[in-house]
Amino acid sequence: SNKFENAVTFATASALVRTIATWIPATRQVLDDFDGLEGFIRTSLIYAVRKEEEDQLLSGDNTGQNLNGLITQAQAFNTALLIASDGWEKVDIIGRAIQQIAAADEESPDFVVLHPTDYWGIRLTKDSQGRYIFGNPDEAGPVRFFGLTPIITGAITAASFLVGSSAPNVAVIRDRMDLTVEISTEHSDYFIKNMVAIRAEERLALVVFRPNAAVTGSLNTSPV
């Protein structure tokens, strides 16, 4: 039998590779005299780079060496989806964001990014009899909201949210250089002063194929 012909339209776009790095000075003598200090510094720098990477993946503004973050590219939450006469809780906004993505015929979301203050504000919601709406406190791990896995992080501003999909046809991270840590005396007059510079850096790009598959907004919003 005849097969239906599909039509795929491609648009030209670019996602620049950015460098995320940090460094710290130290004396060679200190590194020699304190066992484990070099390892501690390396670990601390790696943590700092990973923390900045998280911030950039979420909220990078696409200027300088900043990534073009998921929140920056996501569609804005449509406050008209909230019905004032019905009232709403923060979790209702998350549900309406899922609805907005579905109405746009986009990939179904599977996560919601929340600040710890907002996650626990929702998680500890009780009914009129004092019972936790989202399950007993002894349940292990974060609770899911409408099937979405919560990503709880201080990298997002309090009272903000991002609903999106981790599917590879929505967005991917392209590593151009794995995170590396290097030690060098070749900085200014460090060689003469027995100083070393310890640098941690990585190069990556965030490629967002379907920005409309994510919705971001305020949890304190009001209907129009």
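Accessible areas come from the Shrake-Rupley method with a 1.4 Å probe, and for residues only the protein chains shown count as cover. The model is predicted: local features need pLDDT of at least 70, side-chain atom pairs count only at pLDDT 80 or more, and totals for chains, interfaces and linings use all residues. Residues are numbered from 1 along each chain as its sequence is written, and side-chain values use heavy atoms, with hydrogens and water left out.

**Exercise 1.** State what area the chain exposes and what share of its residues is buried.

*Solution.*
- Step 1: the exposed area is about 13600 Å², of which carbon and sulfur atoms supply 51%.
- Step 2: buried means under 20% relative accessible area, exposed over 50%, partly exposed in between (1.4 Å probe, protein chains only).
- Step 3: of the 224 residues in the chain, 35% are buried.

**Exercise 2.** Locate glutamate 106 and decide whether this residue is buried or exposed.

*Solution.*
- Step 1: helices (H or I, at least four residues) and strands (E, at least two) are DSSP runs, numbered from the N terminus.
- Step 2: glutamate 106 lies in the loop between helix 4 (90-103) and strand 3 (111-114).
- Step 3: glutamate 106 has a relative accessible area of 18%, so this residue is buried.

**Exercise 3.** Find the residues that glutamate 106 touches, leaving aside its neighbours within four places in sequence.

*Solution.*
- Step 1: contact means heavy atoms within 4.5 Å.
- Step 2: the residues in contact with glutamate 106 are Ile101, Arg210, Asn212 and Ala213.
- Step 3: a polar contact (a pair of N or O atoms within 3.5 Å; within protein, one must be able to donate a hydrogen and the other to accept it, and residues adjacent in sequence count only if both atoms are side-chain atoms) joins the side chains of glutamate 106 and arginine 210 at 2.6 Å.
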